[in-house]
Amino acid sequence: MARQIGRLTAVLVIAGAVCAPRPLAAQAGTDPARAELRTLDGRTLTLDSLRGRVVLLDFWATWCAPCLAEMPRLKKLHAAYDRKDFVIIGISLDTLDRRAFRSWVRRNGIEWPQVRDGRGYNGDLARLFGVETLPVTVLLGRDGRVAHRDLRGERLETAIAGEITKSAAHKSQNP
């Protein structure tokens, strides 16, 4: 199964779900600071409130095989960095009810904040970032602006380390 996706025409179909990167509405250099994130534990964060940290927005779903394959790497990244420097926010496009999703997250040892509104691709954050297929990652620099997108694997690790290093170097030059 293939369909036109912007300039991309290749589509990976796994378990009946389309899982391919898409161009995002929030392009590099844009400022999505007004986006609100309501986590499973009831907290409401804004991207603006996370300024000063490198933030990974991971758009994913429990039915997306490539998303699930990346979970061990995300667990490693979550454990590797201080929360003052780096935070992951999972944004699930699952339409599971809240209770079932919370149970899945707990059973699978996902410890970083999760956002789920139950509307899948029609959710506010999915629309804000132009997410129409999965997986999608958005890496925000400490300034809150989109630094990288659609990275996975080693490229994602390298980008995160680079953003943290770049930020640390800037701080040491401007105390």
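Strands here are DSSP runs of E covering at least two residues, numbered from the N terminus. By that rule Thr137 sits in strand S8, residues 136–140. The model shown in these views is predicted.

**Figure 1. Overview of the chain, with four helices and nine strands.** Read from the N terminus, the order of elements is β-β-β-β-β-α-β-α-β-α-β-β-α. The chain has 175 residues, and 46% of them are buried. Of the contacts between residues at least 6 apart in sequence, 68% link residues at least 24 apart. The accessible surface amounts to about 9100 Å², with carbon and sulfur atoms contributing 51%.

**Figure 2. Strand S5, residues 54–60, and its partners S6 and S8.** S5 is mostly covered, with seven of its seven residues buried. Val54, Leu56, Asp58 and Trp60 point one way from the strand, while Val55, Leu57 and Phe59 point the other way. In a regular strand, side chains alternate between the two faces of the sheet. The residues of both sets in S5 are all buried. Pairing with S6 is parallel and runs over seven bridges. Pairing with S8 is antiparallel and has five bridges. Within these pairings, Leu57 has Ile89 of S6 as its bridge partner, and Val55 stands opposite Leu140 of S8.

**Figure 3. Strand S6, residues 86–92, with both faces covered.** Seven of the seven residues of S6 are buried. Phe86, Ile88, Gly90 and Ser92 lie on one side, and Val87, Ile89 and Ile91 lie on the other. Ile91 of S6 stands opposite Phe59. Between S5 and S6 the chain passes through helix H1, residues 65–80, in a β-α-β crossover that is right-handed. S6 also runs parallel to strand S7, residues 114–116, and three bridges join the two. One of the S6 residues involved is Ser92, whose bridge partner in S7 is Arg116.

**Figure 4. Surroundings of Arg38 in strand S3, residues 36–38.** Leaving aside residues up to four places away in sequence, Arg38 touches Arg43, Thr44, Gln114, Val115 and Arg116. Arg38 and Gln114 are 76 residues apart along the chain, yet their C-alpha atoms are separated by 8.2 Å. The side chain of Arg38 also reaches the backbone oxygen of Gly42 at 3.2 Å. A polar contact of 3.4 Å joins the side chains of Arg38 and Thr44.

**Figure 5. Cys64 and Cys67, two buried cysteines.** Cys64 has 0% relative accessibility and therefore counts as buried. Cys67 likewise counts as buried, because its relative accessibility is 0%. A disulfide is a covalent bond between the sulfur atoms of two cysteines. With a cut-off of 2.5 Å between cysteine sulfur atoms, the count of disulfides comes to zero.

**Figure 6. Thr137 in strand S8 and its link to Leu151.** Thr137 has a relative accessible area of 2% and so is buried. The side chain of Thr137 reaches the backbone oxygen of Leu151 at 2.7 Å. The strand that holds Thr137 spans residues 136–140, and S8 is joined to S5 by five bridges in the antiparallel sense.

**Figure 7. The cis peptide bond between Leu134 and Pro135.** Omega for this bond is about 0°. Pro135 belongs to the loop that connects helix H3, residues 124–128, with S8.

**Figure 8. Asp150, a non-glycine residue with positive phi.** The phi angle of Asp150 is about 60°. Asp150 lies in the loop between strand S9, residues 146–149, and helix H4, residues 153–173. The relative accessible area of Asp150 is 24%, so this residue is partly exposed.

Definitions and conventions: Residues numbered from 1 in each chain as written. Predicted model: local features only at pLDDT ≥ 70, side-chain atom pairs only at ≥ 80, totals over all residues. Heavy atoms only, no water. Buried < 20%, exposed > 50% of the residue type's maximum accessible area, 1.4 Å probe, protein only. Pairing = 2+ DSSP bridges. Right-handed = clockwise from strand over helix to strand, strands pointing away. Contact = heavy atoms within 4.5 Å. Areas by Shrake-Rupley, 256 points an atom, 1.4 Å probe, with all protein chains shown as cover. Polar contact = N/O pair within 3.5 Å; in protein donor to acceptor, adjacent residues only side chain to side chain.
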